[in-house]
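Please open the structure in your viewer and keep the selection tool at hand. The tour below proposes what to select at each stop and describes what is found there.

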Amino acid sequence: MSLQHTVRSSLVERVIEQMRSQINAGEWSPGMRIPTESQLSNSLGVGRNTVREAVRALVHTGVLEVRQGAGTFVLSSRDPSGLLQRLDHAALHDQLEVRRALEVEAARLAASRRTDEDLRAIRDALGARGAWSDQASLEAFVERDADFHLSIVRASHNVTLLEMYQFFWEGLQNTIAKTEGEQQLPEPTYAAHAAVYDAIARGCPEQAAIAASELLTPALETLASTLEIDSRNTDTRE
C-alpha cells in the first residue's frame, strides 16, 4: 500500500485517514518508526505543518508516540477516536445506561476497598459539588459533579475500571450536562449523591451499588417513557 497525494479539502483529516490506513493494513506495525516529517510531506503532497498536525492528533489518541531524538513510532493499532465520535452521537438513554453500569460497579468496589484517604477525597468532592442552582454555572457544576464520581471510581482501586471511565470521560460529562440541562429529566439530588458516599463510608457494597443506581434510574425511566410515547405517536401517524 502506498501513500498518495491528497486533495486540498480537509487536509489534516485526510492525512490522518491515510496514516490510519497504513497502520490498519499492517504497513506500519506497533513499534515501527514511521517515515520522517519530510518524507511524509513529499509522499502525501502536503506541507510539513499539515503532517505535524496529523501526527499530533494521532499522538493525542495514543496511536503514535514521539521519541525525542529517535523519531515517531506506532504505539498502538487501536484508535479510539472513531469510537468516541460514535459515543458522542449515541442516544442519551444509551449513554446513561453505560454511565450507570460503570458507576454502580465503582461504588460497589469502593465500599469494600476504599482507604481513609479515598473517603476524604470523596467527601471533599461531594462538598465541592454542592447542589445545582440556576445561579451557578452549568459547566462548572458538571465539572464538580464529574469530580465526585471520578473520586469514587479511583476508590475502587480497579485500574481497568478507572481507565474505562476516563476513556468515556468526555462523553460522560456531556451526559451529565444533558441530564441537568434538559428540564424534563429528574435531577439527581445532593441527598442522592450523599447516600452513595454514606454507603461507601459504612463499607456496605450492595447499598452503595443501589444508591449509585438510583441516581440515574429516574432519568432513565423518564427517557424510556418519552421514547414509548414517541413510538406510539409514530405508529399512530403511520
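**A guided tour of the predicted model**

In this predicted model, consider first the contacts between residues at least 6 apart in sequence: 66% of them join residues at least 24 apart. Display the whole protein chain, which has 238 residues, 36% of them counted as buried. The chain contains 11 helices and 2 strands, arranged along the sequence as α-α-α-β-β-α-α-α-α-α-α-α-α.

Next, select helix α6 (residues 116-129) and helix α10 (residues 190-201). Their axes come within 11 Å and cross at roughly 170°. Angles over 145 degrees count as roughly antiparallel, and α6 and α10 are therefore roughly antiparallel to each other. Show the side chains in contact, among them Leu119, Ile122 and Leu126 of α6 and Tyr190, Ala194 and Tyr197 of α10. By class, this contact has 8 nonpolar, 1 polar and 2 charged residues.

Side chains of opposite charge can pair when their charged atoms come close. Which side chain meets Glu37 in a salt bridge of 2.6 Å, N to O? Select Arg52 to see this partner of Glu37. Arg52 lies in helix α3 and Glu37 in helix α2, 15 residues apart. Add Arg48, whose side chain also meets Glu37 in a salt bridge, at 3.1 Å (N to O). Glu37 is partly exposed, at 23% relative accessibility, and Arg48 is likewise partly exposed, at 46%.

Finally, move to helix α5 (residues 92-113), where Arg108 and Glu105 are 3 residues apart and so separated by about one helical turn. Their side chains meet in a salt bridge of 3.1 Å, N to O.

Methods:
Residues are numbered from 1 along each chain as its sequence is written. This is a predicted model: local features need pLDDT of at least 70, side-chain atom pairs count only at pLDDT 80 or more; totals for chains, interfaces and linings use all residues. Side-chain values use heavy atoms; hydrogens and water are left out. Axes are lines fitted to C-alpha atoms, for helices over the stretch in contact, and angles run from 0 to 180 degrees between N-to-C directions. Helices (H or I, at least four residues) and strands (E, at least two) are DSSP runs, numbered from the N terminus. Angles under 35 degrees count as roughly parallel, over 145 as roughly antiparallel, 65 to 115 as roughly perpendicular and the rest as oblique. Contact means heavy atoms within 4.5 Å. Ala, Val, Leu, Ile, Met, Phe, Trp, Tyr, Cys and Pro count as nonpolar, Asp, Glu, Lys and Arg as charged, and the others, Gly among them, as polar. Buried means under 20% relative accessible area, exposed over 50%, partly exposed in between (1.4 Å probe, protein chains only). A salt bridge is a side-chain nitrogen of Lys or Arg within 4 Å of a carboxyl oxygen of Asp or Glu.
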